[in-house]
Amino acid sequence: MDQRTVDPAAIEAEVGQVRSLGIDALRGRWRMMFGATPPKGLTKDIIGRMIAYRIQEEAFGGLDRETVKLLDRLASGEKPNELKRRLKAGTVLIREYQGERHTVTVVPDGFIWRDTTYSSLSTIARAITGTAWNGPRFFGLRVPSDLKGVEAPKASSPQSMKQPKRR
C-alpha cells in the first residue's frame, strides 16, 4: 500500500490559492486536472470547489466504499432508507399502548425491545398490538398522510435530552 506523507497546511494553501484564481485560470487548472474543458454551465464557484475537492481527494483519499455505493444507489433512483439515516444508535423510542409503556432502543443492527433485537420497528409494533402496523408510524416517527404539514414527534436520544420550550 502506498504510504504518503501529506502536509495539511500545504493542501490548505493550495486550496486557498485556487479560491483566488479568476475564471480563465480556473478553466486552465480544470483542463490540467481533469483532461478536458469544464462544462459550460459551471460557475466560477463550482469549478473552484470541484478543483479543491480533487486536490483534497488526491492528498487525503476519496470517499469510502460504503458512501460510493450509497451515492450510486441514489443516482440510479433508489430511495434512501430515511429511518436508518435519522435514527442513531442509542436513540430511545417510547410508546404507551393500552396503558403499557414500551421502550425501544436503536442499536447498530436493529432495535432492542424486551431484551430481544429486532430488525424492524414494524415487527415490534405487530408484537405489541397484535395487528399489522407501520412501525415508524406506530412510534410517532412518521405522520399520517392527512397530517403532512404537521411535524412528527421527535425521538429522544442521549445527546438531546432537553425539554422543549412551551409556547
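Helices (H or I, at least four residues) and strands (E, at least two) are DSSP runs, numbered from the N terminus. This is a predicted model, in which local features need pLDDT of at least 70 and side-chain atom pairs count only at pLDDT 80 or more, while totals for chains, interfaces and linings use all residues. Residues are numbered from 1 along each chain as its sequence is written, and side-chain values use heavy atoms, with hydrogens and water left out.

**Stop 1: helix α2 and a salt bridge**

Select helix α2, residues 23-34. Show the side chains of Arg27 and Asp24, which form a salt bridge with the closest N and O atoms 3.9 Å apart. A salt bridge here is a side-chain nitrogen of Lys or Arg within 4 Å of a carboxyl oxygen of Asp or Glu. Arg27 and Asp24 are three residues apart in α2, so about one helical turn separates them. Arg27 is partly exposed at a relative accessible area of 31%, whereas Asp24 is exposed at 60%. The classes are buried (under 20% relative accessible area), exposed (over 50%) and partly exposed (in between), with a 1.4 Å probe and protein chains only.

**Stop 2: from α2 to α3**

Add helix α3, residues 44-60. The angle between α2 and α3 is about 40°, and their axes lie 10 Å apart. Axes are lines fitted to C-alpha atoms, for helices over the stretch in contact, and angles run from 0 to 180 degrees between N-to-C directions. The crossing of α2 past α3 is left-handed, meaning that the near helix is turned anticlockwise from the far one by less than a right angle; clockwise would be right-handed. On the α2 side, the contact (heavy atoms within 4.5 Å) includes Trp30 and Met33; on the α3 side it includes Ile51 and Arg54. Sorted by class, the contact of α2 with α3 has nine nonpolar, one polar and five charged residues. Nonpolar covers Ala, Val, Leu, Ile, Met, Phe, Trp, Tyr, Cys and Pro; charged covers Asp, Glu, Lys and Arg; the others, Gly among them, count as polar.

**Stop 3: salt bridges within α3**

Stay on α3 and pick Arg49 and Asp45, whose side chains meet in a salt bridge at 2.9 Å, N to O. These two are four residues apart in α3, about one helical turn. Arg49 counts as exposed at 56% relative accessibility, and Asp45 as partly exposed at 44%.

Next pick Glu57 and Arg54, joined by a salt bridge at 3.2 Å, N to O. Both lie in α3, three residues apart. Glu57 is partly exposed at 27%, as is Arg54 at 24%. The structure holds five salt bridges.

**Stop 4: α1 against α3**

Now select helix α1, residues 8-19, which packs on α3 at about 165° with axes 9 Å apart. The two are therefore roughly antiparallel, the word for angles over 145 degrees; under 35 is roughly parallel, 65 to 115 roughly perpendicular and the rest oblique. α1 passes α3 in a right-handed crossing. Residues to display include Ile11, Val15 and Val18 of α1, and Ala52, Ile55 and Phe60 of α3. The contact of α1 with α3 divides into nine nonpolar, two polar and one charged residue.

**Stop 5: Tyr97**

Finally, centre on Tyr97 in strand β1, residues 92-97. Which residues does Tyr97 touch, not counting those up to four places away in sequence? They are His102, Ile128, Thr129 and Phe138. The C-alpha atoms of Tyr97 and Ile128 are separated by 7.9 Å, with their positions 31 residues apart along the chain.
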